[in-house]
Every structure is written in C-alpha cells, then in structure tokens.
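Student: I should like a close look at a single part of this protein, namely its largest pocket and the elements around it. Please set out in one connected answer what lines it and how those elements are arranged.

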Amino acid sequence: MPEGEPDAGGARGAAGLDDSLVEGLAAAAAGVATASGTRLVVLVDGRSGTGKTTLGDSLADRLGAQVVHLDDVYPGWDGLQAAAEAVVTDVLGGRSGYRRWDWATSRPAGWAAVDPGQPIVVEGCGALSRGSAPLASLRVWLEADDDTRWERAIGRDGESFAREWDRWAAQEAAFIAAERPAELADVVLRT
C-alpha cells in the first residue's frame, strides 16, 4: 500500500490535493478497470475533514463518473454503519442506487438511482470496507491531523456538525477498528 504526501507542484485544491495527483489517481483507476474488464469504481474514505468530497468530485470530473456522496446516504447522525452496508448492497449491488436522507426533516427521502454500467466514485466515511474493497478499481484512504480536520469540517458544516462531532467521531472510530480501511487502501494520502 503506497503512502504519500501530495506533490509539491501543480495547482492545489482546498484539501491540499494537486492536479497531477488527481490525474495520476484517475489514470490508475482507469487502467485497473480496463485491464480487468470491470466497471470503474473508486472508493474514497477517511475521517471527517480529510478532503474526501474534494477528491471524490475531482476524480469523478476527470473520469466522467457519477459520484455518490455518503452524506446523502447516512440515515441520520447514527447511520455510518448502515451507509457502509448500503455501499455494498445498494450503491454497488443489484439495486444500483440508494435511499437518500433528508437532513432537514430527519427522515428517509426518495430513491436515487445510479447507472450500473457507468463509472462511479463513492466518497465518505464508510465507503471502503471489507465488503466494498473487492468491488473497486481504486481504494483511497485520506488522513489529516485532528485540528485540520476540525477546522475543515466545522468551517464547512458549522455549528450543527460541531454539536455532533463526538457522536460521529465515535462511529468513525468503531468503523475504522472493525474494517481497517487504511489497510484495504491502494493509496493512503495525508491532506
């Protein structure tokens, strides 16, 4: 499992990821999918505030892929494990979609279909598990120090997430302990 820092050259995004790094990851994913003759699937995982959405969106753009943000899948603040299971059974499974979560009403919303024949990037904590890893062309784990993660996540989501930080962090820790996603990753990056 290669580990690396983002390259010092090139334009950097909000999470410190440069264009050449994103290009390299996209090329690697496309190469694996082509060589194996399987659907191009990229999983981007890490704790809150590590840059998963930034990287996931950049990769989807470069690959012409659809993107699923697990923030749309988690069934509430206690839903990390349920979303991780939905990645395998629904998003990448036979159902080819997911039940959206309406955060404003704290209720399930409509079904969102994904095209099973098109490339896909799934990003969010819970994307990379023992069940989803074999289905992927590229598996990425992101890391950042706790202060940086806090600044990014709370800067993005505000006080509503600040109130839930410890609750969510406990689920992240349990998921990481059970699934060991960094060990399943093809690439581990500090952002």
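Tutor: Helices (H or I, at least four residues) and strands (E, at least two) are taken here as DSSP runs, numbered from the N terminus. Under that convention, Arg190 belongs to strand β8, which covers residues 187–190. The model is a predicted one, in which local features need pLDDT of at least 70 and side-chain atom pairs count only at pLDDT 80 or more, while totals for chains, interfaces and linings use all residues. Residues are numbered from 1 along each chain as its sequence is written, and side-chain values use heavy atoms, with hydrogens and water left out.

The pocket itself comes first. Rolling a probe the size of a water molecule over the atoms shows where empty space is left. On a 1 Å grid over the protein atoms alone, a pocket is an open set of points where a 1.4 Å probe fits, with protein on both sides within 12 Å along at least five of seven lines; lining residues have an atom within 4 Å of a point. Grid points are joined across faces, edges and corners, and a volume is the space filled by probe spheres set on the points. By this procedure the largest pocket has a volume of about 490 Å³. Its lining comprises 23 residues, of which Ser48, Asp71, Arg156, Asp157 and Phe161 are the closest to the centre. In chemical character the lining divides into 8 nonpolar, 8 polar and 7 charged residues; Ala, Val, Leu, Ile, Met, Phe, Trp, Tyr, Cys and Pro count as nonpolar, Asp, Glu, Lys and Arg as charged, and the others, Gly among them, as polar.

Three helices each supply at least two lining residues: α2 (52–63), α4 (146–157) and α5 (159–179). Helix α5 gives the most, with 4 residues.

The packing of these helices may now be considered. Two packed helices are described by the angle between their axes and the distance between the axes. Axes are lines fitted to C-alpha atoms, for helices over the stretch in contact, and angles run from 0 to 180 degrees between N-to-C directions. Helices α4 and α5 pack at an angle of about 130°, their axes lying 9 Å apart. The pair is therefore oblique, since angles under 35 degrees count as roughly parallel, over 145 as roughly antiparallel, 65 to 115 as roughly perpendicular and the rest as oblique. The crossing of α4 and α5 is right-handed; a crossing is left-handed if the near helix is turned anticlockwise from the far one by less than a right angle, and right-handed if clockwise.

Helix α2 has a partner in α1 (residues 19–36), with an angle of about 60° and axes 9 Å apart. This pair is likewise oblique, and α1 passes α2 in a right-handed crossing. Within α2 lies Thr53, which is partly exposed at 31% relative accessibility; buried means under 20% relative accessible area, exposed over 50%, and partly exposed in between (1.4 Å probe, protein chains only). Thr53 and Val67 are 14 residues apart in sequence and 9.6 Å apart in space, C-alpha to C-alpha.

In the loop between α5 and α6 (181–184) is Arg180. Arg180 is not a glycine, yet has a positive phi of about 50°, and its relative accessibility of 45% makes it partly exposed.
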